[in-house]
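Here are a few warm-up exercises on strand pairing and core packing. Grab your viewer and try each one before reading on.

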Amino acid sequence: MTRIQQRGLYFEELQTGAIYVHSPGRTLGEADNTLFSTLTMNPQSLHLDAAASASTEFGERLVNSMMTLSVMVGLSVPQLTQGTTVANLGFGAISFPAPVLAGDTIYAETEVVSKRDSRSRPANGIVVLVHRARNQRGVLVAQAERTALMLRLPAGEGAGGEPAGPDAG
């Protein structure tokens, strides 16, 4: 019986210029926002105080933007980096152009902006990704550039985890 294990993509399998659309989306609830904000020691009234938030321009609590960032990146993991990333090297150019409210569903996509060999780690490659999240109405709510150190394909494996070559199996 053939066994296929879910994993992300290795360095060689990531296509520069490609946009990977992740599924499913994630609906963010009020309890998610409260738990995330309190676990991360962020007592901002905009996230926790319904009465105070009602008097803001938004009229209600906002989902913590760090939660939005975390979920956006997390939505990409099964398709791109599960078991194939070594480490995040950094994040940059993070923006939140529109608020996320409790009950919103966010959907993510990732564009591979560039790839290069690692000069210090020949078994790895460095990939620059741009993650984008949109709500259920298609409004861009978050974007972040991420640089990741990725594993290369294991010796003897072709794309998709198949043994390399016609007689390699």
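**Exercise 1.** Find the residue in S4 that is the bridge partner of Val21.

*Solution.* Keep in mind that you're working on a predicted model. Start with the strands: S1 covers residues 19–21 and S4 covers residues 105–117. They run antiparallel, joined by three bridges. Now look across from Val21, and you land on Glu109 in S4.

**Exercise 2.** Work out how S2 and S5 pair with S4.

*Solution.* Take S2 to begin with, residues 26–27: two bridges tie this strand to S4, in the antiparallel sense. Arg26 sits opposite Ile106 of S4. Next comes S5, residues 124–134, which is also antiparallel to S4, over ten bridges. For a spot check, go to Thr110 and you'll find His131 of S5 as its bridge partner. Finally, trace the link: a hairpin of six residues takes you from S4 to S5.

**Exercise 3.** Which helix gives the most to the largest nonpolar core?

*Solution.* Collect the core, which has 16 residues. Those with the most contacts inside it include Leu28, Met72 and Ile106. Then sort by element: H4 (65–81), S4 and S6 (140–151) each chip in at least two residues. H4 comes out on top, with six.

**Exercise 4.** List what Met72 touches, skipping residues up to four places away in sequence.

*Solution.* Go up the numbering. You pick up Ile106 and Ala108, then His131, Arg132 and Ala133, and finally Ala142, Gln143 and Ala144.

**Exercise 5.** How many residues are in the second, separate core?

*Solution.* Count ten, among them Leu14, Ala18, Val127 and Met150.

Conventions
Residues numbered from 1 in each chain as written. Predicted model: local features only at pLDDT ≥ 70, side-chain atom pairs only at ≥ 80, totals over all residues. Heavy atoms only, no water. Pairing = 2+ DSSP bridges. Helix = DSSP H or I, 4+ residues; strand = E, 2+ residues; numbered from the N terminus. Core = buried A, V, L, I, M, F, W, Y, C linked by side-chain atoms within 4.5 Å. Buried < 20%, exposed > 50% of the residue type's maximum accessible area, 1.4 Å probe, protein only. Contact = heavy atoms within 4.5 Å.
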